[in-house]
Each structure stands twice: as structure tokens, then as C-alpha cells.
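Biologist: I would like to learn how to read a model of a protein chain step by step. Could you take me through it slowly?

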Amino acid sequence: MHDQVRRLIERLGALAGRPVASLVRFNRGAQSINYAGCWKDGGRFVLKLVPFSRAAQYERLVEHLEKAVDPVVRELEPRLRFDIDGFHALLLVWCDGET
């Protein structure tokens with residue numbers, strides 16, 4: 001397993017208080033790295049890593065998610081944000097009823 005993925009799984013499990021079943025890198029955006037994951041007790045999430053140099057973009061993304069009508073993803077409640085390996089991490093969950 002890639003070291004970064006292992007560290008992310010450990011960090012997420014510790015911060016969220018629930019074990020991670022899987023975490024797979026699925027997309028690298030122009031400014032971010034994205035992972036899709038599942039909790040062992042059910043539920044899917046997206047982990048978005050934004051470089052420190054793009055902190056303003058990170059805040060705009062959060063604002064956009066909070067204002068969106070019928071979003072596909074939303075920020076985890078309570079918020080779970082942390083920094084790892086030069087990135088801001090934003091944990092998003094799939095909204096109920098979405099695939």
C-alpha cells in the first residue's frame with residue numbers, strides 16, 4: 001500500500017473515530033488530489049487534498065459546498081479538516097440518495 005494512502009487511512013480513522021475500509025485515489029484535478037473511500041461500518045466519502053499554496057481555492061470550495069442547492073457531496077458534520085504532507089484535507093460525504 002502506498003505510504004501516503006496508509007497515513008491517510010490511519011489519520012482519518014483516528015480523527016473520525018471510525019475505521020476506514022478502503023481509500024482509492026481516483027482523480028487528480030488541476031489543483032487537488034482526490035480519493036474515494038468507504039467506512040467499515042458503511043457510508044462513502046470523498047477526501048480532497050488541496051496544496052497549501054492554494055489555500056484561497058480551498059476556502060472557496062468550502063463556501064461553494066455550503067451554499068449549493070441539492071449537492072452531491074457535503075462536508076462531514078462535524079467538520080473534519082486536517083493538514084498532511086503539504087496539503088489541506090477536506091472530508092466530504094455523499095449525500096443521501098445519491099449514487
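Modeller: What follows goes from the overall layout to the cores and then to single pairs of side chains. Please keep in mind throughout that this is a predicted model.

Biologist: Let me begin with the layout, then: how many helices and strands does the protein chain have, and what pattern does it follow along the sequence?

Modeller: It is useful to list the elements before looking at any residue. The protein chain has 2 helices and 6 strands, and, read along the sequence, these elements follow the pattern α-β-β-β-α-β-β-β. Of its 99 residues, 37% count as buried, while the surface that the protein chain exposes comes to about 5,900 Å², with carbon and sulfur atoms supplying 52% of it. Among contacts between residues at least 6 apart in sequence, 43% join residues at least 24 apart.

Biologist: Which residues of the largest nonpolar core touch the most other members?

Modeller: For a core, one can ask which members touch the most others and then which elements supply them. The largest nonpolar core has 18 residues, and those touching the most other members are Leu 8, Leu 12, Leu 23, Tyr 35, Phe 45, Leu 47 and Leu 49. At least two residues of this core come from each of H1, E1, E2, E3, E5 and E6, and the largest share, 4 residues, is supplied by E6. Apart from this core lies another one, of 7 residues, which includes Tyr 58, Val 62, Leu 90 and Leu 92.

Biologist: If I pick out Tyr 35, what does it touch beyond the residues up to four places away in sequence?

Modeller: Setting those sequence neighbours aside, Tyr 35 touches Gln 4, Val 5, Leu 8, Leu 23, Val 24, Arg 25, Phe 26, Phe 45, Val 46, Leu 47 and Leu 49. Several names on that list return from the core, with Leu 8, Leu 23, Phe 45, Leu 47 and Leu 49 among them.

Biologist: Phe 45 has now come up twice, so let me turn to rings: how many aromatic pairs does the structure hold?

Modeller: For rings, one reads the distance between the centres together with the angle between the planes. The structure holds 1 aromatic pair, formed by Trp 39 and Phe 45, whose ring centres are 4.5 Å apart and whose planes stand at 35 degrees, so the pair counts as tilted. Both Trp 39 and Phe 45 are buried.

Biologist: I would also like to follow the polar side chains: is Asn 34 buried or exposed?

Modeller: Here one reads the accessibility first and the partner afterwards. Asn 34, which lies in strand E2, counts as buried because its relative accessibility is 7%, under the 20% limit. The side chain of Asn 34 is joined to that of Lys 48 by a polar contact of 3.0 Å.

Biologist: Which other side chain makes a polar contact with the side chain of Lys 48?

Modeller: That is Ser 32, whose side chain makes a polar contact of 3.0 Å with the side chain of Lys 48. Ser 32 lies in the loop between E1 and E2 and is buried, with a relative accessible area of 7%. Leaving aside neighbours within four places in sequence, Ser 32 is in contact with Asn 27, Lys 48, Leu 49 and Val 50.

Biologist: Finally, how many salt bridges are there, and where do the partners lie?

Modeller: For each charged pair, one reads the distance, then the elements, then the exposure. The count comes to 3 salt bridges. In one of them, Arg 6 pairs with Asp 3, with the closest N and O atoms 2.4 Å apart, and both residues lie in helix H1, 3 residues apart, which is about one turn of the helix. Arg 6 is partly exposed at 35% relative accessible area, as is Asp 3 at 43%.

Biologist: What about Arg 7 and Asp 85?

Modeller: Arg 7 forms a salt bridge with Asp 85, again with the closest N and O atoms 2.4 Å apart. Arg 7 lies in helix H1 and Asp 85 in the loop between strands E5 and E6, so this pair ties together parts that are 78 residues apart in sequence. Arg 7 is partly exposed, at 36%, and Asp 85 is partly exposed too, at 41%.

Biologist: And which residue forms a salt bridge with Asp 41?

Modeller: Asp 41 pairs with Arg 18, the closest N and O atoms being 2.9 Å apart. This pair links distant parts of the chain, 23 residues apart, with Asp 41 in the loop between E2 and E3 and Arg 18 in the loop between H1 and E1. Asp 41 is exposed, with a relative accessible area of 55%, whereas Arg 18 counts as partly exposed at 25%.

Technical notes
Residues numbered from 1 in each chain as written. Predicted model: local features only at pLDDT ≥ 70, side-chain atom pairs only at ≥ 80, totals over all residues. Heavy atoms only, no water. Salt bridge = Lys/Arg side-chain N within 4 Å of Asp/Glu carboxyl O. Buried < 20%, exposed > 50% of the residue type's maximum accessible area, 1.4 Å probe, protein only. Contact = heavy atoms within 4.5 Å. Areas by Shrake-Rupley, 256 points an atom, 1.4 Å probe, with all protein chains shown as cover. Core = buried A, V, L, I, M, F, W, Y, C linked by side-chain atoms within 4.5 Å. Polar contact = N/O pair within 3.5 Å; in protein donor to acceptor, adjacent residues only side chain to side chain. Phe/Tyr/Trp six-rings, centres within 6.5 Å; stacked < 30°, edge-to-face > 60°.
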